[in-house]
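Please follow this walk through the structure with the model open beside the text. The route goes from strand pairing to helix packing and then to the backbone of two loops.

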Amino acid sequence: RNARKKVNILAEQIQAIKRHINSVKNTEKITGAMKLISAAKLKQSTDHLIYTKEHIEPLISKFKQVLTCDIAPDLYCEESLEMRRFEEGTVTPSQKDSIKELCILITSCKGLCGGYNSSLIKHAADMKESVATIFAPLGDKGFNYCSKHGFEIFAVKEFADTYAEHAHELSYEQIYKLSSAILELYRKSEISKIKIVYTKYRNPIAFDIDTQLLLPIEKASSDKDDNINNNGIFDHDSGTRYFDEIAEAYLSMKILRYIAESTLCEHAARRIAMKNANDNAVKMIEMLSNKYHTARQNAITGEMIEIIVGHESQKLKKVQRIIGE
């Protein structure tokens with residue numbers, strides 16, 4: 001009876017291991033497929049980033065030169081912004097520390113990419129601890145985190161749909177609308193800086209969390225251009241609206257450029273995560289297969305022992321019957 005009971009228990013264990021193996025095999029198929037998809041999207045994102053660097057960055061550079069030229073409004077140039085504000089009385093020294101900064105946080109809308117989103121969110125949370133910050137989270141993961149933890153979100157009702165979408169699927173019109181609203185806040189001196197938190201691509205297996213200052217712009221000596229600093233080309237526009245429109249286009253293109261790089265890092269992180277998950281599934285299948293064969297062998301051995309014991313018992317009964325006779 002004990003031997004039969006033991007065999008039944010082993011049979012149940014074998015079936016449970018077999019079901020576990022089938023489950024892990026299905027997972028291995030899914031992670032393998034997702035790894036291939038991520039690899040394909042990684043190639044597309046790489047081409048997109050290369051295109052962005054070749055075609056958008058030169059335009060961004062020209063806009064930067066315009067916004068930091070000698071006749072441009074001091075609002076957009078980091079060197080003269082603080083001096084202008086104090087001279088005009090827009091911001092007093094006592095108010096300086098109370099002005100908030102705005103952070104554009106780029107995250108993904110999907111998971112299964114390792115610590116990609118958690119690293120970005122942690123970095124943004126650390127920024128909030130060091131200085132009062134308003135967030136403009138592009139991507140559902142960052143938007144949900146900011147909403148859940150009570151972070152101040154810029155124009156949340158107006159741009160909720162924009163924040164919840166995939167960042168790389170946002171159109172230029174959507175980014176431009178958001179940039180215009182942010183710049184309006186900046187022009188009113190309600191925020192002192194506009195920053196962006198994104199992932200900086202190093203190689204297919206590594207990226208860094210980086211923070212870039214978008215506005216005010218740091219004026220570099222290499223940005224000097226005689227043509228741009230020539231007042232004659234701006235004679236047709238005596239107001240500052242011309243520069244404001246350039247600033248809106250500049251900010252929009254900078255955001256799109258960093259979205260392209262962040263998307264590349266997201267797909268790289270997901271490919272690595274799926275590769276690791278796939279490798280772990282293969283190892284688990286191998287381990288469970290060994291366990292299955294061991295349990296199956298034990299069950300066979302138990303059945304053989306039961307047969308031998310039964311046979312020996314019959315022989316013993318026969319001998320006892322002969323002796324009794």
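**From the sheet outward**

L105 stands opposite V197 in strand 3, and in this predicted model that pair of residues is a convenient place to begin. Strand 1, which covers residues 100–106, and strand 3, which covers residues 191–203, pair in the parallel sense over six bridges. Helix 8, residues 172–187, packs on the sheet and touches strand 1, strand 2, strand 3 and strand 4, while its direction makes about 140° with that of strand 3.

The sheet as a whole is open and has four strands in the order 2-1-3-4, with mixed pairing. Its edges are strand 2 (133–138) and strand 4 (206–215), each of which pairs on one side only, and from one strand to the next the twist averages 25°. Strands of a sheet pair through backbone hydrogen bonds, and the pairing may be either parallel or antiparallel. The antiparallel sense is found here between strand 3 and strand 4, which pair over nine bridges, and within that pairing Y198 stands opposite D210 in strand 4. The connection from strand 3 to strand 4 is a hairpin that runs through two residues.

Helix 8, already met on the sheet, also has a helical neighbour to consider. The axes of helix 7 (residues 156–164) and helix 8 come within 11 Å and cross at roughly 140°. Since an angle counts as roughly antiparallel when it is over 145 degrees, helix 7 is therefore classed as oblique to helix 8. Helix 7 passes helix 8 in a left-handed crossing, and the residues that meet there are E158, F159, T162 and Y163 from helix 7 and Q174, K177, L178 and A181 from helix 8. Sorted by class, this contact of helix 7 with helix 8 has four nonpolar, two polar and two charged residues.

Y163 also leads to the aromatic rings, for which a search of the whole structure finds nine pairs. F143 and Y163 form an aromatic pair that is tilted, with 5.7 Å centre to centre and 45° between the planes. Because F143 lies in helix 6 (residues 140–148) and Y163 in helix 7, the pair ties together parts that are 20 residues apart in sequence.

From helix 6 the path turns to helix 5, residues 116–130, which packs with helix 6 at an angle of about 45°, their axes being 10 Å apart. That angle makes helix 5 oblique to helix 6, and helix 5 passes helix 6 in a right-handed crossing. On the side of helix 5 the contact is made by N117, I121 and A125, and on the side of helix 6 by K141, G142 and Y145. By class, the contact of helix 5 with helix 6 has three nonpolar, two polar and one charged residues.

Two backbone details in loops remain. Most residues other than glycine have a negative phi, and most peptide bonds are trans. L112, in the loop between strand 1 and helix 5, has a phi near 60°, which is a positive value in a residue other than glycine. In the loop between strand 4 and helix 9 (241–324) lies P216, and the peptide bond that joins L215 and P216 is cis, with omega about 0°.

Conventions
Residues are numbered from 1 along each chain as its sequence is written. This is a predicted model: local features need pLDDT of at least 70, side-chain atom pairs count only at pLDDT 80 or more; totals for chains, interfaces and linings use all residues. Side-chain values use heavy atoms; hydrogens and water are left out. Two strands pair if DSSP finds at least two bridges between them. Axes are lines fitted to C-alpha atoms, for helices over the stretch in contact, and angles run from 0 to 180 degrees between N-to-C directions. Contact means heavy atoms within 4.5 Å. Angles under 35 degrees count as roughly parallel, over 145 as roughly antiparallel, 65 to 115 as roughly perpendicular and the rest as oblique. A crossing is left-handed if the near helix is turned anticlockwise from the far one by less than a right angle, and right-handed if clockwise. Ala, Val, Leu, Ile, Met, Phe, Trp, Tyr, Cys and Pro count as nonpolar, Asp, Glu, Lys and Arg as charged, and the others, Gly among them, as polar. Rings of Phe, Tyr and Trp (its six-membered ring) pair if their centres lie within 6.5 Å; planes under 30 degrees apart count as stacked, over 60 as edge-to-face and the rest as tilted.
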